[in-house]
Amino acid sequence: MSKKWIIAIVVVGLIVVVGGGWWYFSHENTPVSTSSENQNGPAESSENSIVSFDFNGLTPVVHGVVDVSGHTISLVVPEGTDVTKIAPTITVSDNATVIPNSGVEQDFTNPVVYMVIAQDNSVQNYTVTVIPETSSQGS
């Protein structure tokens with residue numbers, strides 16, 4: 001993701017806008033204010049991982065295999081499962097959100113992409129693949 005720099009010159013100083021924040025510089029080129037709400041606190045988290053991805057509504061419960069480095073998740077569901085209407089239970093990094101939301105039914109006939117957004121707005125996509133078990137796999 002590329003960041004754009006926008007510079008505006010005002011009568012008494014310089015305002016620099018970067019990403020979602022801005023800084024005002026006085027004539028001495030010293031930052032005197034910023035739009036960051038966490039100016040004196042800890043930096044926003046960049047954690048944007050899926051920690052767990054499960055189908056708790058199935059019997060037995062199906063737990064996803066999360067490949068954090070490959071950003072993929074795979075699940076093998078029991079033979080005969082209607083993969084067009086499954087609601088996953090998703091756990092993500094602290095202070096992150098996921099789209100589509102946890103608990104929302106999805107059609108897993110084809111891979112589904114989930115987007116995890118960190119507190120600092122960095123994004124990581126995960127591709128979820130559901131494989132129906134066949135009689136030969138269960139033996």
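**Exercise 1. Determine whether aspartate 67 is buried, partly exposed or exposed, and describe its surroundings.**

Solution. Aspartate 67 has a relative accessibility of 32% and is therefore classed as partly exposed; the scheme calls a residue buried under 20% relative accessible area, exposed over 50%, and partly exposed in between, with a 1.4 Å probe and protein chains only. The model is predicted: local features need pLDDT of at least 70 and side-chain atom pairs count only at pLDDT 80 or more, whereas totals for chains, interfaces and linings use all residues. Residues are numbered from 1 along each chain as its sequence is written, and side-chain values use heavy atoms, with hydrogens and water left out.

The next step is to place the residue. Aspartate 67 belongs to strand β7, residues 65-67; helices (H or I, at least four residues) and strands (E, at least two) are DSSP runs numbered from the N terminus. Setting aside residues up to four places away in sequence, aspartate 67 touches Thr72 and Tyr126, where contact means heavy atoms within 4.5 Å. From valine 51, aspartate 67 is separated by 16 residues in sequence and by 9.7 Å between C-alpha atoms.

**Exercise 2. Identify which residues of the largest nonpolar core touch the most other members, and which elements give two or more residues to this core.**

Solution. A nonpolar core is a set of buried Ala, Val, Leu, Ile, Met, Phe, Trp, Tyr and Cys residues joined through side-chain atoms within 4.5 Å. The largest one has 21 residues, and Ile50, Phe53, Phe55, Leu75, Phe108 and Tyr114 touch the most other members. Two or more residues come from each of β5, β8 (72-77), β9, β11 and β12.

Phenylalanine 55 may then be examined singly. Beyond its neighbours within four places in sequence, its contacts include Val61, Leu75, Ile86, Phe108 and Val130.

**Exercise 3. State the strand order of the three-stranded open sheet and name its edge strands.**

Solution. The order is β6-β5-β9, with antiparallel pairing. Strands β6 and β9 are the edges, since each pairs on one side only. Two strands pair if DSSP finds at least two bridges between them; β5 and β9 are joined by four bridges in the antiparallel sense. Within this pairing, serine 52 lies opposite threonine 91 in β9.

**Exercise 4. Establish how many bridges join β10 to β11 and β11 to β12, and give a residue pair for each.**

Solution. Strands β10 and β11 run antiparallel and share three bridges; here isoleucine 99 faces methionine 115 in β11. Strands β11 and β12 are also antiparallel, with six bridges, and tyrosine 114 has tyrosine 126 in β12 as its bridge partner. The hairpin of β11 and β12 has five residues between the strands.

**Exercise 5. Locate the cis peptide bonds described below and the asparagines with positive phi.**

Solution. Consider the prolines. Threonine 59 and proline 60 are joined by a cis bond with omega about -5 degrees, and proline 60 sits in the loop between β5 (50-55) and β6 (62-63). The bond from isoleucine 99 to proline 100 is likewise cis, with omega near -5 degrees; proline 100 lies in the loop between β10 (97-99) and β11 (112-117).

Consider next the asparagines. Asparagine 95, in the loop between β9 (89-92) and β10, has phi near 70 degrees and counts as exposed because its relative accessibility is 54%. Asparagine 121, in the loop between β11 and β12 (123-132), has phi of about 75 degrees and is exposed, with a relative accessible area of 53%.
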